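I opened the notebook to record what I looked up on one sheet and on two loop residues. The model comes first, then the entries.

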Amino acid sequence: MDNVAIINSLKKNFALEPQSAKILVVGLGNTGISVARYLQGLGFNFAIIDSRDKPPLIDEFFQVMPDTPVFTGGFNESAFKVATHLVVSPGVPLTEKSIVKAIAGGVKVVSDIDLFACSVDAPIIAITGSNGKSTVTTLLGEMVKAAGKKVGVGGNLGTPALDLLTQAAELYVLELSSFQLERTSVLNAAAATVLNVSADHLDRHADIAEYAREKQSVFRGDGVMVINADDPIVDAMREADRRLLTFSIKKDADFYIAHKEDGEWLMHNEHGLMPLASVPLEGRHNAANALAALALGVSIGLDEQAMCNALKTFKGLDHRMQRVAEIRGVSWVNDSKATNIGACVAALQGYERKVILIAGGDAKGADMNELTPAIKEKAKSVVLMGKDAGLIKEALNNCVPVYAAENMAQAVQISAGLAQAGDSVLLSPACASLDQYKNYQDRGEQFAKAVLGLPA
């Protein structure tokens, strides 16, 4: 779309006009900077505000846009009073007092995903869920490439959505978080999925019902709904008048697993797509992710053989069920991206033998009792670390042996002492990382460093 068409779309949907709009971008992170670039390119007046004294990217920002007004060190109400529109970054809660007051006064909230949706005429595939969304988004992007189409992949993962506009894409694949969806109103994806819903971000959402409603909003519009038939919360999101595709690893669906004489197969209705053994991703939950990606691809007409070829060579994401090493017969697996209970449970359920689990960190308000059944079934022992290790230990109530570690190096040493040949040691924390690490990537890298330092 050209700039005239984009501005017309913004005017129609949000009364956003370069001549009259006064936009306040809330949050100077990757999303905020992408919004600033976008608004500058269209000739809008805007300012930026951030509660931090010195946001990490502020020096980089001033090199590119030295004349843009930037307020730091808190949410100055005078900046909100003059705004006609707010673009609030996903990391900033809409419950902030200044934002609530501005909305009550008639200020419109627009998300970067809204701006993106008003700026493209190519199809958008939208992927959300508590777990697996980064894997499915990346995998589907590879499938689109294998089918010979130009694709832009990003959103909550990697490249901010608005930065994808510089690419000449025939199709966009976006990973979307609940925080992005709660402030998005005009997205109408050609196909969308909620992969699963489990307790997550309950420090930001009132309860799991509210969290599920935000996830469900990805289905707004009239595109194809791709539904996980194994998740009762997601299965209840079906709409009778919509085109629907289902996937399941437990029962019949449009995309499912069949038991044949030569082993298990990924299926589309009665058509065998490929043997499950040919999928290189570790864990049963990744079979569900593969089926979800295949269903999304079929919904937009991608060639099935091309998608299967991409799946056969897909090695997965860093810090997501990533095998670090096998040392003295013990397999060490980095699943640091498992920042909530559901992700940890899914990782555990993917194993047939019991594992040694390293877990802990910031529980983000989640009920750790929900972790207990999976640990009791799938873990032979647990090594706990981080801010909420005590909550997990209390929830486990001695159902398995529990060991305490001060840091990752110590957790790896304790696990090495417990593990025997044939065992797997799984880092799947079920918690966020910011209590001890820069992010989940840093946590995973510290795990890999400690593992690779073990005697061979």
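The entries below take the sheet first and the loop residues after it.

Before starting, I noted that this is a predicted model, in which local features need pLDDT of at least 70 and side-chain atom pairs count only at pLDDT 80 or more, while totals for chains, interfaces and linings use all residues. I also noted that residues are numbered from 1 along each chain as its sequence is written, and that side-chain values use heavy atoms, with hydrogens and water left out.

**Sheet.** I looked up the strand order (strands are DSSP runs of E, at least two residues, numbered from the N terminus) and found six strands in an open sheet, β15-β16-β20-β17-β18-β19, with mixed pairing; two strands pair if DSSP finds at least two bridges between them. The edges are held by β15 (322–327) and β19 (402–404), and each has a single partner strand, so one side of each lacks a neighbour in the sheet. From one strand to the next the twist averages 20 degrees, taken between axes that are lines fitted to C-alpha atoms, with angles from 0 to 180 degrees between N-to-C directions.

I then followed β18 (residues 379–384), which runs parallel to β19 and is joined to it by three bridges; Leu384 has Ala404 in β19 as its bridge partner.

**Loop residues.** I checked Asn269, in the loop between β13 (263–268) and β14 (271–275), and found a positive phi near 50 degrees in this non-glycine residue. Asn269 is partly exposed at 37% relative accessible area (buried is under 20%, exposed over 50%, partly exposed in between, with a 1.4 Å probe and protein chains only).

Arg328, in the loop between β15 and β16 (330–334), is likewise not a glycine and has a positive phi of about 50 degrees; Arg328 is exposed, with a relative accessible area of 56%.

Notes. Helix = DSSP H or I, 4+ residues; strand = E, 2+ residues; numbered from the N terminus.
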